[in-house]
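The exercises below are meant to be worked with the sequence and the coordinates open side by side. Each task is followed by a solution that proceeds in steps.

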Amino acid sequence: MTTETSTRSANGEVTYTPQDGRLLEVEDLHVEFHTPDGIARAINGVSFDLHEGESLAILGESGSGKSVTAQAIMGILDMPPAVIPHGYIRYCGHDLLTMPEEQRRKTRGPEVSMIFQDALSSLNPVFPVGWQIAEMFRIHRGMNKSDALEQAVRLMERVQIPAARDRVKAYPHQFSGGMRQRIMIAMAIALDPAVLIADEPTTALDVTVQAQIMSLLQELQQERQMGLILITHDLGVVADVADRIVVMYAGRLVEKADVHDLYRNPAHPYTRGLLESIPRLDQKGQTLAAIGGLPPNLMRIPPGCAFNPRCRMAQDVCRTELPPLREVAPGRLSACHFAEEVIDA
Amino acid sequence: MPEVVLSAHDLVKHYPIKKGVLRRTVGHVKAVDGVSFDLHKGETLGIVGESGCGKSTLGRLLMRLEEPTAGSVVFEGQDWSGASARDTRRLRRDIQIVFQDPYTSLNPRMTVGDIIGEPFEIHPDVVPRAGRRKRVQELLDLVGLNPEHINRYPHQFSGGQRQRIGIARGIALNPKVLVCDEPVSALDVSVQAQVVNLMEQLQDELGLAYVFIAHDLSVVRHISDRVGVMYLGKLAEIGEEDEVYARPTHPYTQALLSAVPVPDPTLRGKREQIVLVGDVPSPANPPSGCRFHTRCWKAQDVCSTDEPELVQRPDGRGSHLSACHFAEVRRVVETTDVSGENPDDRFASPDVSELSDAGAGLGPAGGGESLGSAQAGSTARRAEATNPAPEGADPARLATDDHQDPTR
C-alpha cells in the first residue's frame, strides 16, 4: 500500500497532498452491474493515474465503460445494481473505495468534482442557478447566504456569463445550453478541486459553443493547475486538449499513449480503425473505411480479446487468449497480441 | 449538369406564438424564412447549421410533413405545395425521409418486416401482396441486415442496425429523393462510417438524390456534392462542396468551419479559430438586416439595415452564392486532396458488403445502448409521420408501375 500523505488538522479535517505530483491512481478497477438478465461487466480491470495539471482523455464509444469509470471515481454509482468486486481508486494515497462515506462526501467538490454532459437535467429546475452554485459554499464552507451568493456571482463572472449579477436569480431553463454548461463548470470549480472530471462536456452543444466551452475549460485548468479527466468519443476534441489518452473498449483499456504518438501511430487495431473511420473536415475525396460489426454485449463479452470479432487482423490466439496491456514502445501501452505489427504498419 | 429533380422556391415556414386565454397570436417563430435551391438527379446536397437554424423544418417542408407559409416545392416540374391529397400521396412515393433518432422513429410494436413493408400497404401497386415479404427481405439484405431477422422487433437491434431499418423503409418505394435528417448523429463513431458508406453505395446503385441535413460539418463534407449553410432560417452560403469548405466567403461559414476540431494534435494552437461571441438570437425576433450582424466582426451600419442578397460573389477562383455585403474569401481549413488514396484496409474497410453486420452474430449491443422509456411515447406519432395514415390510402388508385427492383 502507498503511504498516506495527509495530515489531520486540529479540527479533524483531512488535508490531501499529492505524492510526486500524482493526484489519482486507479488500479485494476472492476465494476459489474447485477441485473435480472445477468451480470453486465462494465469495467474489467482498468488502471491509470493522473498528475497535477495534466489532461487525460478517456476515449471510447457508448458501452465502453468510460462514464462508469468516472462515476466510480466520484462515488456516484448506484450500488446496487453496481458492484465493485476488485480495485482501488486512490486520491493522494487514500483509497476512496474504503473510505468512510462521511469522509468521502467531503472530497466531492473540494478535491474531486465533475461536469456532466446534460446540463439541463443535471441542474435542479426549481432553484435559481446562483442558489445552486452558492450551495457549495454554504454546505462545504459553512458560509452564510449572502456571502455564498456573492461568491456565486464572482464565479459566474469567471465563467464569462454576461450580466452575472442580474442573472444569479434566474432559473436553469432561462439559460441557453452553452450558458447552462458554464453554470455547471462554475459549480464544479467552486471549491477549487484538484481533479476535474468532464464527462462529454460538449457533446450536446453546437460546434461554435463547443469551441467556447473547451477553451474556457483549458483556461481554468491552466489557471488552477487542475488534473483534468476528459471523457469523450470525439477524436477531434481529444486532439485539441489531451496530453495523454487511454482508449477503452468493452470495459478494458486497449491503448494508453501520449496524444501525439496515438494519432501518429496507433498501437491497437481498434484505435487505428477508429482513426480511419472518421470523416475529416480538412480532407477532400476521402475514402471512408469502417470497422465492421458492433461493440459487444457486456453480458456476453467474447472470450480472448473482446475486439476479435471485429478485428481484421484476428488470429486463433486472439479468440482464446486475453492480450495483456503491455509496454510496446517507450511510454506506450497496447493490449494487442500483434501490437508490434500494428505500430509498424 | 443533370436534370433538376427537386427545387425549393422561396420556402417560408412561420409558426405562430400564441398567448393568453384567447390564444391570440402575438408573434411568429421564423423557422425557415425564404430558402431556395435546386437538387439535381443523383447528387447529395448537404444542409448544415446549428440547432435552431431551421434545417430540420426545411426537411419536413420538402417532404410536405409541414405546409409552407409561403413559397413552393417543385418536384420534376410539378408544384407540390398546391397538390391534392391524392397527388401528395403519389409524390411521397418519390420523396422519402430518414429520421435522426433510430430509437424513436421505429414503432416498437411492429416487426421489422411490418415497418419496412408498411409503405407497400399505402402503395399496394408497387409490389403485389404475395411478393412483399420477399421484397422486404431483399431490402434487408440490401442495407446489410440479415433477411432472416424479418420477424424481429426494433428493440432487438442496435442503433446502427435500426438506422439501416429506417433507410430500408425510406428506399422501399424506390424514391428519387431521400431527405435524411441527421441520419448518423445518434450513432457511435465506429458505426457512423458503416452507415455513411452504405448510403453512398445505395446512391450509386439506385441513382438517389439526397438532401443530407446534419450539424456535423466533417460528415457533410464527406458525403455532399454541394453544401448549403443555414443561419436563422436563411441560407448564408451555398455552393459546391469545395467552394464552401475551401473558399468560404460568408463570415458565418468561416466561423463555423474554424470551430470544428480536427483530429490531428500537431495542428493544436496552429489552427485559426474565429470565436463567436454570444448565442444565436431567437428566431422569433431575428435581427434586422443581415441576421448574422449581431455576432459578426465585419458588421457595418449597412448590415443592420439592408438584408444582403444570396447572389454570386467572387471566391478567388470563380464565384458562388453568398449572402454577405462584405463577402471575402478566407481560408480557415487547409484542405488536403486525398482522392484516390485508399485507406489501409488491414484495420478497417471501405467495402460495404464486407461490413454488413448481418452475420456478425453479436446480437444487439448491451450496456450503453438502451431504449429510454421516455422516448418510447413519441414513437407512434413519429412512425405515422413517416408513413401517412393507411386509412387514407386509396387502393383503387391507378399508378404507373415502372418501378424496378433496385437489387436487380
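**Exercise 1: the make-up of chain B**

In this predicted model, the secondary structure of chain B comes to 13 helices and 13 strands. Describe how chain B is packed, using burial, contacts in sequence and accessible surface.

Solution. Begin with burial: chain B has 408 residues, and 55% of them count as buried. Next, take the contacts in chain B between residues at least 6 apart in sequence, of which 68% join residues at least 24 apart. Finally, turn to the outside of chain B, where the accessible surface comes to about 16900 Å² and carbon and sulfur atoms account for 47% of it.

**Exercise 2: the contact between the chains**

Determine how much area chain A and chain B bury between them, and which three residues of chain A supply more of that chain's share than any other three.

Solution. The size of an interface is often given as the accessible area lost when the parts come together. Here chain A and chain B bury about 5600 Å² between them, with 59% of it on carbon and sulfur atoms. Of the area that chain A buries against chain B, 16% is supplied by L281(A), K284(A) and R312(A), which is more than any other three residues give. Counted by residues, the contact takes 59 from chain A and 70 from chain B.

**Exercise 3: polar links and the elements of chain A**

Count the salt bridges and polar contacts between the chains, and then state which elements of chain A give two or more residues to the side that touches chain B.

Solution. There are two salt bridges between chain A and chain B; R271(B) forms a salt bridge with D240(A), and the closest N and O atoms of this pair are 2.9 Å apart. The polar contacts between the chains number 16 residue pairs, both residues being at pLDDT 80 or more. The elements that give two or more residues to this side of chain A are α8 (207-224), α9 (235-241), α10 (259-264), α11 (269-277) and β14 (283-284). The largest share, seven residues, comes from α9(A). By residue class, the side of chain A that touches chain B divides into 29 nonpolar, 18 polar and twelve charged residues.

**Exercise 4: the setting of R180(A)**

Decide whether R180(A) counts as buried or exposed, and list its contacts beyond four places in sequence.

Solution. R180(A) is found in helix α7 of chain A, residues 177-189. Its relative accessibility is 14%, and therefore R180(A) counts as buried, the cut-off being under 20%. Leaving aside residues up to four places away in sequence, R180(A) touches A119(A), L120(A), L123(A), P172(A), H173(A) and F175(A).

Conventions: Residues are numbered from 1 along each chain as its sequence is written. Chains are lettered from A and ligands numbered from 1 in the order in which they are written. This is a predicted model: local features need pLDDT of at least 70, side-chain atom pairs count only at pLDDT 80 or more; totals for chains, interfaces and linings use all residues. Side-chain values use heavy atoms; hydrogens and water are left out. Helices (H or I, at least four residues) and strands (E, at least two) are DSSP runs, numbered from the N terminus. Buried means under 20% relative accessible area, exposed over 50%, partly exposed in between (1.4 Å probe, protein chains only). Contact means heavy atoms within 4.5 Å. Accessible areas come from the Shrake-Rupley method with a 1.4 Å probe; for residues, only the protein chains shown count as cover. Buried area is the accessible area (1.4 Å probe) that two parts lose on being put together, summed over both. A salt bridge is a side-chain nitrogen of Lys or Arg within 4 Å of a carboxyl oxygen of Asp or Glu. A polar contact is a pair of N or O atoms within 3.5 Å; within protein, one must be able to donate a hydrogen and the other to accept it, and residues adjacent in sequence count only if both atoms are side-chain atoms. Ala, Val, Leu, Ile, Met, Phe, Trp, Tyr, Cys and Pro count as nonpolar, Asp, Glu, Lys and Arg as charged, and the others, Gly among them, as polar.
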